[in-house]
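Please follow this chain through its sheets, its nonpolar cores and the surroundings of its ligand, with the sequence and the coordinates side by side.

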Amino acid sequence: MSAAPSAEEVLADLPPTAAVWCSGLRKRYRKRTAVDDVSFTVGRGEVLGLLGPNGAGKTTVIKMLLGLVRPDAGEVLLLGRPSRDPRSRAKVGYLPELFRYQPWLTAAEVLDLHVRLAGASVPAAERRECLALVGLADRTGDRVGGFSKGMQQRLGLAVALVARPEFVVLDEPTSALDPIGRADVRDLLLSLRSRGVAVLLNSHLIGEVERVCDRVVILDNGKIAAEGTLTELLGQRELRLRLDKVDDAASARLAATGTLTRDGDLFTVALPADPDSGTVPDLVADLVELGVRVHAVEPGRISLEERLLDILRTGTEEHR
Ligand SMILES: Nc1ncnc2c1ncn2[C@@H]1O[C@H](COP(=O)(O)OP(=O)(O)OP(=O)(O)O)[C@@H](O)[C@H]1O
């Protein structure tokens with residue numbers, strides 16, 4: 001008869017817990033309520049965007065998740081354990097909003113220091129790769145005191161990523177970066193997600209959040225004003241086409257792509273939730289083939305920025 005599995009083996013067979021689970025988080029500073037009854041989850045491999053105006057409570061939530069601020073009420077599980085447990089904290093990478101590294105250290109030394117602080121063992125080649133990943137390959141031996149703001153932010157990203165985290169928290173990771181740097185961070189986030197690493201992204205650059213996040217939590221006055229996937233928050237993707245010479249066959253072709261509405265020569269097709277890359281070009285090619293004259297084709301869905309402003313304005317009115 002085989003021996004009964006150990007508790008470790010039983011745990012290893014369970015589905016992985018969420019990267020973060022928090023429930024009923026509250027925090028007051030004197031008379032000011034910074035965070036009021038906030039609950040959400042970040043799944044493994046999920047990129048969650050945390051949005052909201054200045055002072056909404058985003059950084060306070062992040063600090064409570066990481067055990068850096070003690071909540072007045074509520075609970076947090078980080079990688080399945082209490083957030084103060086060093087075993088979970090060792091697997092979390094954090095880029096704080098305000099940070100400053102020791103100016104007398106070189107980039108490579110800053111990374112070495114953080115690897116040691118995390119109690120991790122990361123081979124030198126991997127540490128160098130990490131600096132290369134954030135675009136600092138040729139500055140590894142330079143002192144941080146001589147770095148530009150954007151270079152310091154890149155180093156901060158390397159620090160957050162170097163100890164092979166399972167959950168990464170990035171508080172305004174691109175505020176000092178140039179457009180190429182921002183695009184690099186986007187690619188970085190997508191590659192983390194593909195490796196099953198969960199990411200919590202706090203950014204005022206809403207277009208950036210819209211491009212990379214699977215789900216968004218919007219905070220306002222310390223409370224969750226809205227949350228959901230982009231499709232839940234923004235509605236389905238639409239395609240708007242300005243067409244003429246549309247006969248029955250062309251109408252049928254349009255309707256086969258998604259629910260069709262028409263207003264004169266403006267046709268709107270609600271696209272499937274996850275259209276493949278051929279959906280739109282195939283439709284246009286078929287319409288042309290059917291003799292339709294295609295004057296314009298444009299995506300139609302409100303942007304996350306418009307939706308955010310709408311939610312915050314409505315919230316404010318409800319508040320009055
Ligand atoms: N240590 C503190 N002492 C007193 N009040 C604080 C402290 N930290 C945060 N607050 C207050 O809590 C509220 C939320 O602040 P928080 O920094 O979490 O907002 P935020 O959403 O991250 O803002 P921003 O987008 O400007 O970074 C603010 O009213 C702030 O003044």
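In this model, which is predicted, a convenient place to begin is Arg242, which stands opposite Ala296 in β14. The pairing that this belongs to is that of strand β11, residues 238-244, with β14, which run in the antiparallel sense over 7 bridges. Both strands are part of an open sheet of 4 strands, in which the order is β12-β13-β11-β14 and the pairing is antiparallel. At the edges of this sheet are β12 (260-263) and β14 (293-300), each of which pairs on one side only, and from one strand to the next the twist averages 20°. Across β11 and β14 lies helix α11, made of residues 279-289, and the helix runs at about 160° to β14.

Another open sheet of 4 strands has the order β2-β1-β4-β5, again with antiparallel pairing. Because β2 (32-42) and β5 (81-82) each have a single partner strand, they stand at the edges, and one side of each is left without a neighbour in the sheet. The partner of β2 in this arrangement is β1, residues 20-29, and the two pair in the antiparallel sense over 8 bridges; within this pairing, Arg26 has Asp36 in β2 as its bridge partner. Helix α2, which spans residues 58-65, packs on the sheet and touches β1, β2 and β4 (73-78), its direction making about 120° with that of β1.

The helix α2 and the strand β2 return when one turns to the ligand. The residues around the ligand are Tyr29, Arg32, Ala34, Gly52, Asn54, Gly55, Ala56, Gly57, Lys58, Thr59 and Thr60, and the elements that give two or more residues to this shell are β2 and α2. Of the elements, α2 gives the most, with 3 residues. By character, the shell divides into 3 nonpolar, 6 polar and 2 charged residues.

There remain the nonpolar cores. The largest has 67 residues, among which Ala158 and Val199 touch the most other members, and helix α6 (residues 149-161) supplies the largest share of this core, 7 residues. When neighbours within four places in sequence are left aside, Val199 is in contact with Val47, Val168, Leu170, Leu189, Leu192 and Arg193. A second core, separate from the largest one, has 9 residues, including Leu243, Leu254, Val269 and Leu283.

Conventions: Residues are numbered from 1 along each chain as its sequence is written. This is a predicted model: local features need pLDDT of at least 70, side-chain atom pairs count only at pLDDT 80 or more; totals for chains, interfaces and linings use all residues. Two strands pair if DSSP finds at least two bridges between them. Two residues are in contact if their C-beta atoms, placed from the backbone, lie within 7 Å. Axes are lines fitted to C-alpha atoms, for helices over the stretch in contact, and angles run from 0 to 180 degrees between N-to-C directions. A nonpolar core is a set of buried Ala, Val, Leu, Ile, Met, Phe, Trp, Tyr and Cys residues joined through C-beta atoms within 7 Å. A residue is buried if 20 or more other C-beta atoms lie within 10 Å of its own, exposed if 12 or fewer, and partly exposed in between; C-beta atoms are placed from the backbone. A residue is near a molecule or strand if its C-beta atom, placed from the backbone, lies within 6 Å of it. Ala, Val, Leu, Ile, Met, Phe, Trp, Tyr, Cys and Pro count as nonpolar, Asp, Glu, Lys and Arg as charged, and the others, Gly among them, as polar.
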